[in-house]
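Visitor: I am new to this one. Could you show me the structure and walk me through it?

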Amino acid sequence: MHRKALCWLAALGALAVAGCASTPPGPKDMTFFVTSVGPGKGGDLGGLAGADAHCQALAKAAGAGDREWRAYLSTQGPMWNQPGAVDARDRIGPGPWQNAKGVVIARSVDELHSAANNLTKETALDERGGLVNGRTDKPNKHDILTGSRPDGTAFAGAPNPDMTCGNWTKGGKEGSAMTGHHDRASALQSSWATSWNSSHPTVGCDPGSLRDTGGDGLFYCFAAK
């Protein structure tokens with residue numbers, strides 16, 4: 001029978017025919033996600049290259065490995081007045097980005113770093129389209145590693161505090177990393193406390209320290225291309 005006729009019968013309820021309707025969005029179409037798991041070494045992500053590789057591996061397992069994935073992470077320069085810092089906002093491409101359900105997070109870098117973004121607990125899904133535990137869930141995983149200021153730029157280097165776990169190479173008690181809250185939740189209802197990318201630093205870089213402040217070593221991944 002001709003395909004159009006089959007689809008017409010399906011519409012009447014006579015039979016179900018796959019392919020008559022458009023395929024709904026899924027992980028293969030996503031361009032943004034929160035990692036479902038971290039590499040397992042706390043703030044030691046293997047540097048930016050290791051974090052990018054982790055994004056790529058998770059995306060590939062979900063069926064979206066044909067894109068170039070980048071971790072939303074900043075790094076600090078060796079000194080406050082020396083070059084070498086990397087801004088997270090410059091690593092992720094121009095946008096737009098959508099989650100595994102097809103919901104748009106932001107249409108551009110500027111929108112992502114504005115009040116107009118659509119990043120919430122309900123939209124900041126992992127690579128499989130699942131919700132990531134928030135502040136009221138057990139265990140709490142809402143601290144997302146970013147090492148960034150609210151506008152997506154890096155913090156100054158020494159003698160300023162470590163905000164990137166040694167540029168994502170430290171996994172012990174020493175150091176700290178700036179985190180954001182993917183669920184936009186906090187005990188304090190202020191803009192910094194509910195920021196998705198720059199809320200508060202961790203108390204250390206080992207897995208236990210990350211959990212003590214409400215995290216699990218997760219980070220954001222964006223398709224740059």
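Guide: What follows is a short tour in questions and answers. This is a predicted model, in which local features need pLDDT of at least 70 and side-chain atom pairs count only at pLDDT 80 or more, while totals for chains, interfaces and linings use all residues. Residues are numbered from 1 along each chain as its sequence is written, and side-chain values use heavy atoms, with hydrogens and water left out.

Visitor: Let us begin with the core. Which element gives the most residues to the largest nonpolar core?
Guide: A nonpolar core is a set of buried Ala, Val, Leu, Ile, Met, Phe, Trp, Tyr and Cys residues joined through side-chain atoms within 4.5 Å. The largest one has 22 residues, and F33, W69, L73, L145, W168 and F219 touch the most other members. At least two residues each come from α2 (47-62), β2 (69-71), α4 (165-168) and β8 (215-223); these helices (H or I, at least four residues) and strands (E, at least two) are DSSP runs, numbered from the N terminus. The element that gives the most, with five residues, is α2.

Visitor: How many residues does the second, separate core have?
Guide: Its members include A88, L112, I144 and L218. As a general point, nonpolar side chains in soluble globular proteins tend to be buried together. The number of residues in this second core is 18.

Visitor: On to the cysteines. Which elements does the disulfide of C55 and C221 tie together?
Guide: A disulfide is counted when two cysteine sulfur atoms lie within 2.5 Å, and by this rule there are two. In the pair of C55 and C221, the sulfur atoms are 2.0 Å apart. Because C55 and C221 lie in different elements, the bond ties together parts that are 166 residues apart in sequence: helix α2 and strand β8.

Visitor: Is that disulfide left-handed or right-handed?
Guide: Both C55 and C221 are buried, meaning under 20% relative accessible area, whereas exposed is over 50% and partly exposed is in between (1.4 Å probe, protein chains only). The handedness follows from the torsion about the S-S bond, which is about -80°, so the link of C55 and C221 is left-handed.

Visitor: And how far apart in sequence are the parts tied by C165 and C205?
Guide: The sulfur atoms of C165 and C205 are 2.2 Å apart in this disulfide, and both residues are buried. C165 lies in helix α4 and C205 in the loop between β7 and α5 (207-212), so the parts tied together are separated in sequence by 40 residues.

Visitor: Now the rings. What kind of aromatic pair do Y72 and Y220 form?
Guide: Rings of Phe, Tyr and Trp (its six-membered ring) pair if their centres lie within 6.5 Å; planes under 30 degrees apart count as stacked, over 60 as edge-to-face and the rest as tilted. The structure holds eight aromatic pairs. Y72 and Y220 have their centres 6.3 Å apart, with 80° between the planes, which makes the pair edge-to-face.

Visitor: Which residues make up the cluster linked by ring pairs?
Guide: Y72 and Y220 are among them. Y72 is buried, at 0% relative accessible area, and Y220 is buried with 0% too. The cluster consists of F32, Y72, W97, W196, Y220 and F222.

Visitor: What about charges: which residues form a salt-bridge network with K225?
Guide: A salt bridge is a side-chain nitrogen of Lys or Arg within 4 Å of a carboxyl oxygen of Asp or Glu, and the structure holds 13 of them. K225 meets E68 at 3.8 Å, N to O. K225 is exposed at 71%, while E68 is partly exposed at 27%. The residues networked with K225 are E68 and R70.

Visitor: One last stop. Which residue offers the backbone oxygen that the side chain of S199 reaches?
Guide: S199 sits in the loop between β6 (178-181) and β7 (200-201), and its 7% relative accessibility is why S199 counts as buried. Leaving aside neighbours within four places in sequence, the residues in contact with S199 (heavy atoms within 4.5 Å) include M178, H181 and T194. At 3.2 Å, the side chain of S199 reaches the backbone oxygen of W192.

Technical notes: A polar contact is a pair of N or O atoms within 3.5 Å; within protein, one must be able to donate a hydrogen and the other to accept it, and residues adjacent in sequence count only if both atoms are side-chain atoms.
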